[in-house]
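Work through the exercises below with the sequence and the coordinates open. Each task is followed by a stepwise solution.

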Amino acid sequence: MSNNFGFVRVASAIPAVEVANCSFNQEQMLALIKKATEEKVQVLCFPELSITSYTCQDLFIQQKLLDDAEMALKKLLEATKDIPITIIVGMPVVFQNMLLNCAVVIKQGIIQGIVPKNYLPNYKEFYEMRWFASGHNIPNASTTLAGQNSPIGHHLIFDEGNFVFGIEICEDMWAPAPPSTELALHGADVIFNLSADNDCVGKYTYLKSLIAQQSARCLCGYVFAGAGFGESTQDIVFSGKALIYENGRLLAESERFSMEEQLITTEIDIELIRTERRSNTTFSTAVSRLTDNSDYKTICIAQTPDRPTNIGKLHRAFPAHPFVPTGNALDERCEEIFHIQMHGLAKRLLHTRCSHVVVGISGGLDSTLALLVCVRTFDSLKMDRKGIVGITMPGMGTTDRTYSNAIALMQELGITLREISIVDAVKQHFKDLDIDSNVHDVTYENSQARERTQILMDAANQVGGLVIGTGDLSELALGWATYNGDHMSMYGVNVSVPKTLVRHLVEWTAKTQVSDKCREVLLDIAATPISPELIPADENGNILQKTEDLVGPYELHDFFLYFFLRFGFRPQKLYFMAQQTFAGIYSEAEIKKWITVFMRRFFTQQFKRSCLPDGPKVGNCSLSPRGDWRMPSDASSSSWVDECKLL
């Protein structure tokens, strides 16, 4: 395995141009090529017709301009003989008495291939058909350009060794069936688009949506390079749009309307793309339905020892909290998650004809979220909140803070409140089993959790209701639940909500949905250290047993969980990503410790997930044994844990 973990560094360049001044344009491009080389870029893409500029209009039929363009390409080939980078430039190319708008792929002084544009616009501001012919019907052939005989055709695919790319040009992407779709199905991991897309109000938003959708649909990386400052503004303006996407997600973009040249650089995760394609049966079915592959030609670009095997620190960033969006998207996500949880619970209540639910209320985050879901569900069904039976069950480790918050929350929400202490029952249980209550071991803790679950189940029988589970996705991943204790319920509304998101859901509710008094309680619950409270408090009545001290920070575990479940990343890659994401927050030793804990616990605790109660999936990660995650309970963790030891 290389040190790059599947990441390839690509760049979109927006050079300064002068209309029809090929010599000037070539010099500007060369400067950006040298800069990209310093940044260890593997493939660099320039805009459409970048050697001549896009807005030459009738000058394209002038032989002088065509000769100048070919001479500029020769100079570029000569200047890049010793530069180990693949470069994609745009220029007019004459082929069989047709003038084509082409992308020319070069590396170390050699033209690797020429790709013509398929779809030519005939808009009022664009009328390429006046000058250019479509390359759609051109078979894979060869032509002489800049003194070299080179392959030409719109079905060329380029193999870089560690990834494969294809090319389409501007309008091609706007077609009902873009060439990039078939290029991706024929193996292209990344699509490069040389463009000269002009600007008008609202168009940029639409363009970004179009690229995002094409990148997501094709499960590919997408690099877009658009013409910028220096193009003619006789009738239209070009803002210099450089955009890089990965499977629908924007990784990097340029500053629009900048009067300076720009080099937008980031990394695309080829391993992620290929994992997605392997696991997406729709994509593989589309590949299997390709009828004719004979017209596609793969060009293997020669590898050089100068290409860096370690690209170092990445330009791109990873979300530290991948389950939690930012800005306005967080509010939208919280509302949507509540509706999914509510609709799941509502269906179960109507199906079972239940008018009561029972929830254990601890004063912690998870039970609070479960209660809030129950309240909103009952309200939406126009059912009396008194049908929600909240039971707080103080035990050996319950603190005044969590107890008071549990009572206050239930009172403020107007549900049925019950308080049942488990202390005497658990002591009797210890006596029956001859357990030393001074030994705070796993039996001491689990006895309390199972006693609480017994109370909830029997209380639900009393009222003919359902026990609503409170456990979340992060706890299930780590197995941080007592088997047949808090692990069990009749419907688990939080089952696919990770801990980092639970806190935001509670805080969002506090700020947007409830009274001032209830808001105070919810915010204090969100600020309380996460704890099962199964060990007695310290001498000052404070929580002694803090979950994150025992199993690790949930923000790290949720980070590991997302990329492990969603993309199947191995420990080495997760460690590499976490180092970059949490630099200055956690040391390398801490990250190594907790990723080892995650891997060990994730495998050994599968048996708890194999008999998981029903509950709604709310995001793109779930551990339901009936849906997203089907894993044998006795799968060995040794390969993953052993790799952690080598970090």
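**Exercise 1.** In this predicted model, find the elements against which the buried residues of α18 pack, and state how far the helix is covered.

Solution.
- Step 1: The buried residues of α18 pack against two strands, β1 (7–14) and β14 (262–269), and against the helices α6 (270–279), α17, α19 (588–604) and α21 (638–645).
- Step 2: Apply the cut-off for burial, under 20% relative accessible area. Helix α18 spans residues 571–581, and nine of its 11 residues are buried.
- Step 3: List them: P571, K573, L574, Y575, F576, M577, A578, Q580 and T581.

**Exercise 2.** Which residues have the most contacts inside the largest nonpolar core, and which helix gives the core its largest share?

Solution.
- Step 1: The largest nonpolar core has 125 residues, and F165, I167, F192 and F602 have the most contacts inside it.
- Step 2: Helix α17 (residues 554–567) supplies the largest share of this core, 10 residues.
- Step 3: Take F602 and leave aside its neighbours within four places in sequence; its contacts are then A477, L561, F564, L565, R609, L623, W629 and M631.
- Step 4: A second core, separate from the one above, has 49 residues, including L77, F95, W131 and L145.

**Exercise 3.** Describe the surroundings of Q148, starting from its strand.

Solution.
- Step 1: Q148 is in strand β7, residues 148–152.
- Step 2: Not counting residues up to four places away in sequence, Q148 touches L77, G109, I110, I111 and T143.
- Step 3: For I111, the backbone nitrogen is 2.9 Å from a polar atom of the Q148 side chain.

Definitions and conventions: Residues numbered from 1 in each chain as written. Predicted model: local features only at pLDDT ≥ 70, side-chain atom pairs only at ≥ 80, totals over all residues. Heavy atoms only, no water. Core = buried A, V, L, I, M, F, W, Y, C linked by side-chain atoms within 4.5 Å. Buried < 20%, exposed > 50% of the residue type's maximum accessible area, 1.4 Å probe, protein only. Helix = DSSP H or I, 4+ residues; strand = E, 2+ residues; numbered from the N terminus. Contact = heavy atoms within 4.5 Å. Polar contact = N/O pair within 3.5 Å; in protein donor to acceptor, adjacent residues only side chain to side chain.
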